[in-house]
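Have your viewer ready and keep the selection box at hand. We will go from stop to stop, selecting a few residues at a time.

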Amino acid sequence: MADTKTVVILGGSLGGLHVAHALLKKHQQYPKLRNTHFYWNIASVRAIIPGQIPDAKILRDLSEALQPYPSKMYELVIGEAISSDFTAKTVKIQLPNSEDVRKLTYDHLVLATGARYTNDTPWKANSDYQSLLTLLHDTASKVEKAKHIIVAGAGATGVEVAGELGYEYGKTKTITLLASGNHVLPGEQESFSSATENELKKLNVHVQKLARVKDVTRILDEGEEKYTVKLESGQDLDCDLYLPTQGMVPNSDYINAKHLDGKTKTVLVDEFLHVTGVPGSTVWAVGDIVSKPRAGFMITQKQAASVAKNVEAVLLQNKQPVPAKGPPVDILACAVGRGRGVGRMGSIRLPSFGVWLAKGRTLGMQMVDQYISGSVA
Ligand SMILES: Cc1cc2nc3c(=O)[nH]c(=O)nc-3n(C[C@H](O)[C@H](O)[C@H](O)COP(=O)(O)OP(=O)(O)OC[C@H]3O[C@@H](n4cnc5c(N)ncnc54)[C@H](O)[C@@H]3O)c2cc1C
């Protein structure tokens, strides 16, 4: 009976591909994805520096990842989930470059469509492969030309973007990081934030605090792009390139609002990562679409492993699911340029060299092979 079951996985990134590998290794399942390619977005902060990361390393064809499995075991559908009916157990997929919508039925559904930035930036895969590649190239070429770059948002992504820019151009361009509050990395201990600011200073990154962006105007000056960034304080800042890193929202628009948190629009899940309120508990969610306890790839990995095991247990072995466990300790690691970093394991600070070794040296690029081969699952 096992081969008659269908699991649809929505999203082909860190969460979705992990679940797909884990299930395909144990025979079943069918992924439905928006992109033809797997995107190692964690290295996007360095990929905007010209010449640092080859396209073919940061973006890998998803069919390459699934090709080792017998073709009758899976179907790779490229398209965007646009609506879902958790009672009828169907999802509608908008196929690319056409008006066609395909309706898929499933026994179990895994939501792994993550989150996106609301602006035109390459920090996540918000579009199809070609558009993402064009965006990466355009951003890198604007970075190369710009004399003054403003990075807005001083969370982990903003710190990493500013660090990469400072490392490469700190002596030749002006790099400004805008923090809306009193510190970079809001929510972290003050001493940790101060250490991060010191690392950025070493790369000549200018950190401007209490600088919440109100409005941004883009002007074309003799064919060259210029930006005026208006702050809530009333100050206007001019630059040649504006790179926002704030404003991540979950890709949950295709899900009925009753399954979503009213404020954050993340999917509501129980301890098993079942989406709450679904008849028969046939819908699961992992990764940034859940963002619980926070959005992070180690958390996504743990959730993907747990959901794959539970789907297998429930669907094929008629067993009860077990509660999902997170990583034993919360680790935060931020590369600050290609030579240093800041991090903590729980509340214990990690040395800069250790963070560089574990993260900043490669930004995890070696893991792309593990996601493609399936050894990650
Ligand atoms: C610059 C950067 C650096 C990071 N560094 C770290 C780090 O060092 N450590 C850490 O723990 N975390 C880090 N993260 C967080 C990490 O990237 C995320 O937690 C992880 O990507 C979540 O994976 P996901 O599969 O849930 O979602 P996503 O990576 O958001 O992928 C979702 C996928 O679903 C697709 N999709 C979206 N909507 C639809 C739809 N309607 N239909 C079909 N497909 C759809 C998207 O195109 C995408 O392919 C970083 C994030 C950023 C932005």
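Start at A125, where a backbone N or O atom lies 2.8 Å from an oxygen atom of the ligand; such a polar contact is a pair of N or O atoms within 3.5 Å, and within protein one must be able to donate a hydrogen and the other to accept it, with residues adjacent in sequence counted only if both atoms are side-chain atoms. Before going on, note that this is a predicted model, in which local features need pLDDT of at least 70, side-chain atom pairs count only at pLDDT 80 or more, and totals for chains, interfaces and linings use all residues. Residues are numbered from 1 along each chain as its sequence is written, and side-chain values use heavy atoms, with hydrogens and water left out.

**Around the ligand**

Now add K124 to the selection: a polar atom of its side chain is 2.7 Å from a ligand oxygen. Which residue has a side-chain N or O atom 2.8 Å from an oxygen atom of the ligand? Select D288 to see that contact. The protein covers 93% of the 1000 Å² of accessible area that the ligand has on its own (Shrake-Rupley method with a 1.4 Å probe; for residues, only the protein chains shown count as cover).

Keep D288 and K124 on screen together, since their side chains are joined by a polar contact of 2.7 Å. D288 sits in the loop between β19 and α8; helices here are DSSP runs of H or I with at least four residues, strands are runs of E with at least two, and both are numbered from the N terminus. With a relative accessible area of 13%, D288 is buried (under 20%; exposed is over 50% and partly exposed in between, with a 1.4 Å probe and protein chains only).

Next, select the whole shell of 32 residues around the ligand, where the closest are G15, K124, D288, F297 and K359; a residue is near a molecule if one of its heavy atoms lies within 4 Å of it. How is this shell divided by class? There are 13 nonpolar, 14 polar and 5 charged residues. Ala, Val, Leu, Ile, Met, Phe, Trp, Tyr, Cys and Pro count as nonpolar, Asp, Glu, Lys and Arg as charged, and the others, Gly among them, as polar. Colour α8 too, as the largest share of the shell, 3 residues, comes from this helix.

**The second largest pocket**

Stay with α8 for the next stop. The second largest pocket holds about 310 Å³ of space. It is lined by 17 residues, and those closest to its centre are A305, S306, A308, K309 and N310. Two elements each give two or more residues to this lining, α1 (14-24) and α8 (297-316), and α8 gives the most, with 7 residues. By class, the lining has 8 nonpolar, 3 polar and 6 charged residues.

For your own calculations, a pocket is found on a 1 Å grid over the protein atoms alone, as an open set of points where a 1.4 Å probe fits, with protein on both sides within 12 Å along at least five of seven lines; lining residues have an atom within 4 Å of a point. Grid points are joined across faces, edges and corners, and the volume is the space filled by probe spheres set on the points.

**A buried aspartate**

Jump to D240, in the loop between β16 (236-239) and β17 (241-244). D240 is buried, at 17% relative accessible area. What does its side chain reach at 2.8 Å? Show the backbone nitrogen of K147 to find the partner. The backbone nitrogen of H148 is 2.7 Å from a polar atom of the D240 side chain.

**Backbone stops**

Most residues other than glycine have a negative phi, and most peptide bonds are trans. With that in mind, select K292 and P293, which are joined by a cis peptide bond with omega of about 0°. P293 lies in the loop between β19 and α8.

Then go to L273, a non-glycine residue with a positive phi of about 75°. L273 is in the loop between β18 (248-250) and β19, and its relative accessible area of 6% makes it buried. Finish at L363, where phi is positive too, at about 50°. Look for L363 in the loop between α9 (352-360) and α10 (366-373); at 1% relative accessibility, L363 is buried.
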